[in-house]
Every structure is written in C-alpha cells, then in structure tokens.
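Trainee: Could we go through the charged pairs of this model together? I would like to understand the reasoning behind each label.

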Amino acid sequence: MARFVNKPSTIADAFTEPRWPPRRYHYYYVRGKLASDPLYPGVVAALRGCDAPLLDLGCGIGLLAHALRADGQALRYAGVDFDAGKIAVAKAAADRAKLAGVAFATCDLLRERPSHRGSVALLDVLQYLPGEAQERVLDDAIAMLEPGSRLVVRSGLHDDNARGRTTRMVDRLANAIGWMRSGPLCYPKQEWFERKLANAGLAADFRPLHGRTPFNNWLIVATR
Ligand SMILES: C[S@@+](CC[C@H](N)C(=O)[O-])C[C@H]1O[C@@H](n2cnc3c(N)ncnc32)[C@H](O)[C@@H]1O
C-alpha cells in the first residue's frame with residue numbers, strides 16, 4: 001500500500017486557497033478522492049522502481065504528482081490538461097507543496113500531444129475522447145515509451161453490466177455539475193487495448209482498480 005495514504009490531509013492542505021475565508025472546495029474534493037478511490041495507490045505502485053520521466057495526459061488538478069512525491073518517488077513529472085482552470089489549481093497546489101521537478105501546461109489532446117520520452121499516465125481520460133482520438137492518443141503514448149519505462153492507464157472499460165452503467169451515469173453527472181468540461185463519449189474495450197499493446201510488442205497487465213467504488217475501472221500497465 002502506498003505510503004501517501006497516511007498523508008491525505010497534508011496533500012489536501014496544498015489545495016486550500018490561502019485567502020480569507022479560505023476556499024476549501026478542492027481540499028474536500030482531494031480528501032474524498034484519496035479516501036474513496038484506489039487510483040493513486042494503484043498508480044504509484046505501478047510506477048515504483050521506474051525513474052523515467054512521466055507525462056500525465058489529462059492530469060486534472062495534478063494529484064498524481066503529490067501522490068508520487070508522498071510515496072518518495074522523485075521522477076520528473078509533467079502534467080497536461082485542456083482545462084485551464086484545473087491547470088491553474090494544479091500549479092498553485094504544487095507551488096504551495098514545494099514539489100520539485102513538476103511542471104503543468106494546458107494542452108488539448110484532440111489537437112496535439114507534447115513531445116516526450118519516458119513513461120506515460122492516462123488516468124480516467126480516454127472516455128472523454130472520440131474513438132479515433134483514443135487511437136491517436138494511445139498510439140502516441142506508446143511511441144513515447146523508452147525501454148524500461150511504463151504506460152499506466154486507468155480506464156472504465158466498455159461493459160453492459162451494473163458497474164459499466166454506473167460509470168457512464170456518474171461521468172455524465174460530473175459533466176452536468178460542471179466538474180468535467182465534457183461528458184463521456186465512449187469507453188474502450190479490453191480487446192482494443194490488448195490488440196494495440198500486443199501489436200506494439202508491449203507486455204501488459206490488466207487488473208480491476210475500483211476498490212469499494214461501484215465503477216468499472218481497470219488498471220492497465222504496459223512495459224516496453
Ligand atoms: C476524470 S478527470 C481525470 C483527471 C486525472 N487524470 C486524475 O485521474 O485525477 C479527466 C480529465 O481529462 C481532461 N480532459 C478531457 N478531455 C481532454 C482533452 N481533449 N485534452 C486534455 N485533457 C482532457 C479533463 O479536463 C479532466 O481533467
């Protein structure tokens with residue numbers, strides 16, 4: 001289990017805006033996310049032992065950077081997202097926490113991907129891209145991998161079971177309340193990942209990563 005699970009309030013503190021009265025919206029979001037979702041323990045465990053620089057595509061408010069540092073991982077981290085508001089929150093929180101070797105930038109994955117060599121994270125992002133863009137983003141992420149680096153994906157998978165339906169419903173709700181700028185478009189299938197990763201000569205591991213949440217979330221780790 002990742003060490004940072006013992007530090008949820010320290011991480012969340014960095015997301016409190018130091019104004020009076022303090023704005024605690026992101027603080028409570030981060031506390032809730034770290035308490036309920038096994039995403040970050042799963043991802044930091046998947047990256048442990050790998051020093052390659054990491055590009056986090058669709059990084060949101062940059063929580064993964066905090067989780068990695070709290071776990072003692074010093075790898076270089078760059079996060080991009082098309083939501084400028086989230087990138088501003090990510091930069092401010094990383095500055096408050098004095099995270100070293102961390103950078104954030106806005107980038108619309110539908111139009112471009114940053115140039116990068118090393119590991120790549122794609123966490124809960126693919127479902128917001130149309131099918132052909134999912135192909136391009138995954139192909140480009142695979143092309144960024146260097147020997148020994150890792151591709152770490154968390155994604156809901158296309159499934160017509162209760163978990164699949166709950167995932168779709170909650171992703172639509174996140175868009176309706178304004179947390180997500182766009183709604184989910186399509187969920188990739190496991191066979192699609194398997195085919196693309198095998199065609200690229202990558203060894204891949206698939207495992208459920210939903211913990212006690214009702215979602216159909218999977219962790220996919222591929223190594224070059
Ligand atoms: C569910 S959030 C996940 C955030 C982060 N990866 C995490 O796991 O905490 C999905 C993220 O994908 C971003 N996103 C959606 N479409 C995008 C696009 N076309 N380009 C860049 N980012 C995008 C959203 O702004 C949002 O921050």
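Trainee: Which residue forms a salt bridge with Glu135, and how far apart are the closest N and O atoms?

Mentor: Keep in mind that this is a predicted model. The partner of Glu135 is Lys196, and their closest N and O atoms are 2.5 Å apart. The cut-off is within 4 Å, so the pair is called a salt bridge.

Trainee: What parts does the pair of Glu135 and Lys196 tie together?

Mentor: Glu135 belongs to helix α6 (residues 131-144) and Lys196 to helix α8 (residues 190-199), so the contact joins parts that are 61 residues apart in sequence.

Trainee: Why does Lys196 count as buried, and what does Glu135 count as?

Mentor: Lys196 has 9% relative accessibility, and buried means under 20%, so the label fits. Glu135 has 29%, which falls between 20% and 50%, so Glu135 is partly exposed.

Trainee: What makes Lys33 and Asp37 a salt bridge?

Mentor: Their closest N and O atoms are 3.0 Å apart, and the limit is 4 Å, so they qualify. Lys33 is buried at 16% relative accessible area, and Asp37 is buried at 11%. Both residues also belong to a network of salt bridges with Asp124 and Arg154.

Trainee: Are Arg207 and Asp205 buried or partly exposed?

Mentor: Arg207 has a relative accessible area of 46% and Asp205 one of 31%. Partly exposed covers values between 20% and 50%, so both get that label. Their side chains meet in a salt bridge at 2.8 Å, N to O.

Trainee: How many salt bridges does a search of the whole structure find?

Mentor: The search finds nine.

Conventions: Residues numbered from 1 in each chain as written. Predicted model: local features only at pLDDT ≥ 70, side-chain atom pairs only at ≥ 80, totals over all residues. Heavy atoms only, no water. Buried < 20%, exposed > 50% of the residue type's maximum accessible area, 1.4 Å probe, protein only. Helix = DSSP H or I, 4+ residues; strand = E, 2+ residues; numbered from the N terminus.
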